Every structure is written in structure tokens, then in C-alpha cells.
Amino acid sequence: MLKGLIIWYFTYVIVAMAIAPFEYPRKECDGRSQENVCNLASPCRAVEQDRKMWDRNCTYISGNLIIANGRPGDDYSFLGSIREVSGYVRIVLNRNDRIDLGNLRLIRGETRSEIAGVTNCSLCIVQNTGLTSINLTSLTEIMQGDVYMLDNPKLCGFSNETVNWNDIFNEDKQNIKINDTYNKVPLATGMDLCGYTRCHESCDPPYCWGPGPDMCQKLTRKCSSQCGGRCQAYVTDTDSELDRSDKRCCHEYCAGGCIGPRDTDCISCRYYENSGTCVRKCPEEKIYSQLTLTEELNPDFKVSFKHKCLDECPNNYPRTMQGNCVAQCGVEQESTGGVCKDCVGPCPKTCEGNLIGKPNDDIIRNHFVNADNIDDFKGCTTVLNNLVIDTRTFRGDAYPEHSPTKGLGNSMESLEKLRDIRFIKGYLIIATENIPVFVKFDYLKNLEKIGGQQLEEVVSRDKKRRMGFTNIT
């Protein structure tokens, strides 16, 4: 037993030195969005683009990792530093023989791919005619989504017989579908087309990503029943009693395994990382004081951003009152000093307004307010160009060479969509003398300023007062 403890101690030290969490410099790189992907119908050279966009030090991909249309001789070494992907990993249409993702430990699956009629895919490997090997020896967890492999005629090492996918999955509802790997077809010699039928003898339990002793799968769910989730990764059963001890349990806030039981020993954080510690949520802005029985500002307050706790949100990201960095504030909110707050009155909104230009369909549609563009002004507080209301606004207009423009008719209801306008950067034209029903212009009562950037004198101050927009300066 003492010998086992000594072996375990030195193993722990070596593993800790190799994969100690948070000690490597984390460099975040933007991945690909759902809208910017290579698909089977429209292939692209994504790797060439990513090689120019990233350097060799990216460790965290915020978004999706797509490896597509590889050719023999392509250099994929810049992928070797990647440790975590927040979205999905999609490997499609590659003719090269090998892809090295040997440091990839965690696929969060926060976005999932739809490919070849399959949805909810977090690891998608499809139609790679040249691939014989994908190095995933460090992969220990896929938090959400399924694994799907189709039409990879030479790919080795991914069958259910050689990889324990249940150990990698985080949820029971996750699935794997494989219908194409060579190592499903054993030959009479006892070897399959990949050159092996089973893992190296040093892999115990016998799970692996390939035939060598360095390809054994790292298992993180073969744990003591006392562990609530994952445990320290290991690849051999040299001391089963110690391996299954509750001392190997990971903290509940860990993702992808750990090197010890503490919340500072995690490979990655399931929720948020705060200065090297995995936490359920970031420190809140206010805390309750037992002494004063009031809420007080928390000196340790941090905002949450992409699974990290930060002192402040990155540039251009406002934060909510709850301390979450967001791409944009919610409905009926605006950013005030970088904080999303409810708007006082209409929320600021800009709209294009009416343009002057050559008579084509797009310009004619925006020459003046009409039934085709009136909805563009709803909620608008600032008009970037001009606002033109004339007889065509109500009657419409027809151009011999272009599509006709529909008018609003004899109703004031549609013009209520102009009510929130406060500032027109260009000019204002109101010319409706031939339509007597429109006498009062209450729909512009909130207009405060006309910038006149495209100067054109149209309405006198006396006429402004008679029309009802008295706030104009």
C-alpha cells in the first residue's frame, strides 16, 4: 500500500506539472459563428482563413472550431495549443491524413451544429476522405450535444469499442452515431485496416484514441460512488483501491476533470473562473451586512463574461444590473455609463430617414415617407438623413420605369409611428397643402432639433407653431 501511495504521489506531481489549471496563459480567439460556417453544399477553406486570423498561441476558442477542406501537406500545427471550445467542433471535407488537437480538453457545446440532416451536434466529423487520424488524446468532456461521424472511410480509433464516449459525455441524453470507421471491420489476420483491433496493452481499462501507449484515453468518470461528478484523470488501473478513492473526486465546479479535490484544481470551470478559483457565480455588486442590516457595495464585485469573472466588461460590452456582460442591452433599455438601465421615455434609436439620389427602386422608396417605409420610423428618436412628408406620402406615386410607391391614404394613424422623433440631422419637408384633412401635426410634437446638414428652408418658425411642433430649436 505504501508503495502505491508513493507511486500515486509522484504521478500526481507529474500530472500537476503537465496540466495544472489556469497556470498556462489563456489566449482567447474568436471562432466562427453559426452564420459564418463551411457546409457541405458551400465548402470553404476555413483553415486558411483561421491561420491568418489566429496565431499559434490560441488556447480558448470563443465560438465554433471548423476545420474544412484540408489538402495534403496543409499545416495544422497552429491548432495544437487549443484547449477549450465554447461552441462545437466541426471537421468536414478534408483530404489530408492527420489533424492534431492533442491539447483539446473541453467542448462546451453552447452552440450545436446541424449537418447532413443531423442536429444538436457538438463534435461533427463528416466526409473526410483522407483523414486516418485525429489526435484527441486530451479530450475528457463534451458538456452538451452529440457526436456524429459519417463517411470517413479511413478514419481510425473512434468506435465504441475503443473510445468510452459515455465517460466523455456530461449528460445521459447525449448520443454518438458512427457508421464509417475502418476499425469496425476486423480482418482474418486479426488486424483491421487501421493496423490494430485493440488498444495498447498498457491502456487499462482498454480505451484509446490509437494503437500506441501514448494514445490511451484519459477517463474522468470512473470514480468512487462518493464523487458527484468527475474525478482525476488516469489511464491505468495500477492501484484500483486508490483510483476509486473519494480523494480523487473533483470539485463540483470543475469541468473536464481535475488534478485534485479543490476548486482551484480544476482543468476548466463548469461555470465561472475567478482568479484561479472555480465558482458558481461571480461576486455580486452588493452584499448583505449583518451588522447594519442593509445592502452594501461589495469591494470584491466582478462582472461575468464568457465563464470568467472580470473587474470590468471588455470594450463595447455593457453590463446588466446583475453584473453580466452582454452584447447589447435588453428591450426598452439603454447603456448609461456602460450599465444597462431602463430608458426614461423612448429608448434612443436611429433610422436612415429619407434620401435624395438617382431614381431607382431603393431610392424612390426612401424619397419620402410612405406606406413602404413608415414602419422603419417606429420607435426612432434620431433621423440620420431627412424627413419628407408631402402629397405623395398619402397618395403614393408611380414612376414609369420603376415600381409604384404606395401612399398612406387619408389616415393619421400611420403617422403616429413618427411620434418619438426628437432630432433630424438633415432637413424636414412638410408640403401637404392639397390635403386639408391634415391640419395639426401632433405626431411631430416631440421633435426638438433639426440639424440642417443638408440645408433646405421649408417651414417658417411661425408655421412650426401653427402646426403644433413647438419644441424645435
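Is cysteine 266 buried or exposed, and what is its relative accessible area? In this predicted model, cysteine 266 is buried, with a relative accessible area of 0%. Cysteine 266 takes part in a disulfide with cysteine 254, and the S to S distance is 1.9 Å. The partner, cysteine 254, has a relative accessible area of 5%. Cysteine 254 is therefore also counted as buried, since this class takes values under 20%. The torsion about the S-S bond of cysteine 254 and cysteine 266 is about -70 degrees, so this disulfide is left-handed. Cysteine 254 belongs to strand S14 (residues 254–258) and cysteine 266 to strand S15 (residues 266–269), so the link ties together parts that lie 12 residues apart in sequence.

The structure holds 14 disulfides, and two others are described here. One of the 14 disulfides joins cysteine 223 to cysteine 231, with an S to S distance of 2.2 Å. The link of cysteine 223 and cysteine 231 is left-handed, with -85 degrees about the S-S bond. Cysteine 223 has a relative accessible area of 18% and is buried because the limit for that class is 20%. Cysteine 231 is buried as well, at 1% relative accessibility. Another disulfide joins cysteine 313 to cysteine 325, with 2.1 Å from S to S. Here the torsion about the S-S bond is about -95 degrees, so the link of cysteine 313 and cysteine 325 is left-handed. Cysteine 313 and cysteine 325 both lie in the loop between strand S21 (308–310) and strand S22 (333–336), so this disulfide ties together parts 12 residues apart in sequence. Both of these cysteines, 313 and 325, are buried.

The strands are considered next. In general, strands of a sheet pair through backbone hydrogen bonds, either parallel or antiparallel. One open sheet in the model has five strands in the order S1-S2-S4-S7-S11, and the pairing is parallel. Strand S1 (28–30) and strand S11 (141–142) are the edge strands, each pairing on one side only. Within this sheet, strand S4 (residues 84–85) pairs with strand S7 (residues 106–107) in the parallel sense, over two bridges. Glutamate 84 has leucine 106 in S7 as its bridge partner.

Strand S5 (residues 89–92) has pairings of its own. Strand S3 (residues 65–68) runs parallel to S5 and is joined to it by four bridges. Leucine 65 has valine 89 in S5 as its bridge partner. Four bridges also join S5 to strand S9 (residues 118–126), and these two strands run parallel. Valine 89 has leucine 123 in S9 as its bridge partner. Valine 89 is thus a bridge partner of both leucine 65 and leucine 123.

In a regular strand the side chains alternate between the two faces of the sheet. In S5, Val89 and Ile91 point one way, while Arg90 and Val92 point the other way. All four of these residues are buried.

Strands S3, S5 and S9 also contribute to the largest nonpolar core. In soluble globular proteins, nonpolar side chains tend to be buried together. The largest nonpolar core has 34 residues, of which Phe158 and Trp165 touch the most other members. Two or more residues of this core come from each of S3, S5, S9, strand S12 (146–150) and helix H3 (165–168). A second core, separate from the largest, has 19 residues, including Cys351, Ile389, Leu415 and Ile421.

Empty space in the model was also examined. Rolling a probe the size of a water molecule over the atoms shows where such space is left. The second largest pocket has a volume of about 260 Å³. Its lining consists of 14 residues, and Glu284, Glu285, Met321, Gln322 and Gly323 are the ones nearest the centre of the pocket. By type, the lining of the second largest pocket divides into five nonpolar, four polar and five charged residues.

A last region concerns aspartate 397, which lies in the loop between helix H6 (391–395) and strand S27 (423–424). Aspartate 397 has a relative accessible area of 24% and is partly exposed, because its value falls between 20% and 50%. Aspartate 397 and glycine 407 are 10 residues apart in sequence, and their C-alpha atoms are 7.4 Å apart in space.

Technical notes: Residues numbered from 1 in each chain as written. Predicted model: local features only at pLDDT ≥ 70, side-chain atom pairs only at ≥ 80, totals over all residues. Heavy atoms only, no water. 1 Å grid on protein atoms, 1.4 Å probe; cavity = no way out; pocket = protein on both sides within 12 Å on 5 of 7 lines; lining within 4 Å. Points joined across faces, edges and corners; volume = space filled by probe spheres on them. Nonpolar A, V, L, I, M, F, W, Y, C, P; charged D, E, K, R; others polar. Pairing = 2+ DSSP bridges. Buried < 20%, exposed > 50% of the residue type's maximum accessible area, 1.4 Å probe, protein only. Disulfide = S-S within 2.5 Å. Core = buried A, V, L, I, M, F, W, Y, C linked by side-chain atoms within 4.5 Å.
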